[in-house]
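Biologist: I'm new to this structure and would like a close look at a single part of it. Could you pick a spot and walk me through what surrounds it?

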Amino acid sequence: MSDTSPADRSPSGCDSSTPAASRRVAAVDCGTNSIRLLIADVRAGAGTPSLTDVVRTMRVVRLGQGVDRTGRLAEEALARTFDACRDYAAQCREHGVTRVRFVATSATRDAANRQVFVDGVRDILGVEPEVISGTDEASLSFAGALSVLDPGQPLPALVVDLGGGSTEFVLGDRDGVRASLSTDVGCVRMTERHLADDPPSQAQIAAAGTDIDAAIDAAAGVVPLGDTATVIGVAGTITTVTAHALGLDRYDADAIHGADLPIERLRASADALLHASRDQRAAMPFMHPGRVDVIGAGALIWSRILEHVATVSGTVRTAVTSEHDILDGIALSVPDGTGGTPGRAVQR
């Protein structure tokens with residue numbers, strides 16, 4: 001069974017040559033649950049640079065397997081991740097990428113043996129992976145997600161990036177980030193810590209809810225959630241909840257991207273996913289196999305966040321889902337120049 005996402009896409013008819021006024025870059029986002037690649041042409045303009053996708057793909061490698069319990073990256077998780085890196089290096093060479101930026105987030109921040117991961121990535125992709133802070137992760141997610149908004153939508157926007165090991169809360173507008181916080185709740189972490197049964201028991205759900213609510217309270221102490229005018233959700237948990245809410249018969253990124261749905265509709269879908277059995281979730285036509293085991297916890301996190309924001313803002317009644325997220329922010333942040341040739345180690 002392939003780990004490749006049904007949302008993977010290399011635009012049909014895409015020319016492998018880079019337009020003269022743009023540069024071809026690769027962005028890799030390595031999180032707790034998945035590792036994703038975006039190869040894109042970046043075109044500079046009078047305003048914000050624009051991206052044209054060449055390849056956008058994802059593999060679920062579960063790098064954060066057991067990290068919450070052991071504090072270390074498991075050997076089998078590293079092997080899965082390095083295998084994906086070798087595939088991504090080949091794709092970068094095939095498409096003539098001139099520069100790569102590799103960003104790693106929650107799982108590697110927490111791991112005692114993260115140098116093994118760093119060395120392996122450098123050997124395969126030829127670039128030093130950047131184990132970024134939660135603040136940097138939030139800023140990159142915000143930059144990528146804001147592109148989904150129509151000019152008339154109200155600001156400030158709250159971007160919620162719900163990952164495997166952490167969830168970022170970022171409030172800002174077109175001038176940039178106002179406030180942000182990274183919290184240690186994510187779909188993998190909450191599943192491993194609390195949701196052991198299939199489907200989870202009410203006691204397990206309540207225990208996870210206590211951790212989630214504490215994280216939301218911590219975020220609210222730094223990020224003024226009550227100022228939110230528009231909510232944007234990004235990453236695989238949220239796009240999957242949206243696919244359920246839309247009743248899709250397959251994973252359709254074009255239908256999901258920009259969907260602006262009532263919060264109550266999203267919470268109903270989140271509740272259905274949380275209480276479904278593993279077999280029921282696996283049978284859903286939009287469900288990536290790598291999310292089957294962890295989508296319930298992710299859905300619970302998203303539901304609690306939406307409920308809180310709707311209550312404290314008093315005005316927010318819908319949430320926007322964006323397929324553009326930290327991966328797009330990483331690609332936009334790749335500096336000019338050449339370097340990081342895939343498959344050739346950089347000099348230290």
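Modeller: Let's start with a hairpin: β6 and β7 form one, with 4 residues between them. Keep in mind as we go that this is a predicted model. The two strands pair in the antiparallel sense over 6 bridges. If you want one spot to find by eye, take Val160, whose bridge partner in β7 is Phe169.

Now look at what else β6 pairs with. Strand β9, residues 230-234, runs parallel to β6, and 5 bridges join the two. Here you can pick out Asp161, which has Val234 as its bridge partner in β9. In general, strands of a sheet pair through backbone hydrogen bonds, either parallel or antiparallel.

Is β6 covered or open to the outside? It's mostly covered, with 6 of its 6 residues buried. That goes for both faces: Ala157, Val159 and Asp161 are buried on one side, and Leu158, Val160 and Leu162 are buried on the other.

Step back a little and you'll see the setting, which is the largest nonpolar core. It has 50 residues, and Leu158, Phe169, Trp302 and Ile305 are the ones that touch the most other members. Along with β6 (157-162) and β7 (167-173), the elements giving two or more residues to this core are the helices α7 (202-220), α8 (236-246), α9 (253-256), α10 (263-275) and α12 (295-313). Of these, α12 gives the most, with 10 residues. Nonpolar side chains do tend to be buried together in soluble globular proteins.

Trp302 is a nice place to see how things meet. Setting aside neighbours within four places in sequence, Trp302 is in contact with Val160, Leu162, Val231, Gly233, Ile238, Val241 and Ala319. So how covered is α8? Mostly: 9 of its 11 residues are buried. Among them are Ile238 and Val241, together with Gly236, Thr237 and several others. Just after α8 comes Gly247, with a positive phi near 65°.

Next, have a look at α10. Its 13 residues should span 18 Å at 1.5 Å a residue, and its end C-alpha atoms are 18 Å apart, which agrees. The buried residues in α10 are Ile263, Leu266, Ser269, Ala270, Leu273 and Leu274. Those residues lie on the same side of α10, because they cover an arc of only 140° around the axis. It helps to recall that an α-helix has 3.6 residues a turn, so residues three or four places apart point the same way. What covers the buried residues of α10 includes α7, α8 and α12, as well as β10 (260-262), α11 (278-282) and β11 (318-322).

Away from all this there's a second, separate core of 31 residues, which includes Phe102, Val118, Leu125 and Val127. You can also find an open sheet of 5 strands, in the order β3-β2-β1-β4-β5, with mixed pairing. At its edges stand β3 (50-60) and β5 (130-131), each with a single partner strand, so one side of each is left without a neighbour in the sheet. The partner of β3 is β2, residues 34-43, and they pair in the antiparallel sense over 10 bridges. There, Ser34 stands opposite Val60 in β3.

One last thing to check is the cysteines. Cys92 counts as buried at 1% relative accessibility, and Cys187 is buried too, with a relative accessible area of 2%. A search of the whole structure finds 0 disulfides.

Conventions: Residues numbered from 1 in each chain as written. Predicted model: local features only at pLDDT ≥ 70, side-chain atom pairs only at ≥ 80, totals over all residues. Heavy atoms only, no water. Core = buried A, V, L, I, M, F, W, Y, C linked by side-chain atoms within 4.5 Å. Buried < 20%, exposed > 50% of the residue type's maximum accessible area, 1.4 Å probe, protein only. Contact = heavy atoms within 4.5 Å. Pairing = 2+ DSSP bridges. Expected span 1.5 Å × (residues − 1). Arc of directions from axis to C-beta. Disulfide = S-S within 2.5 Å.
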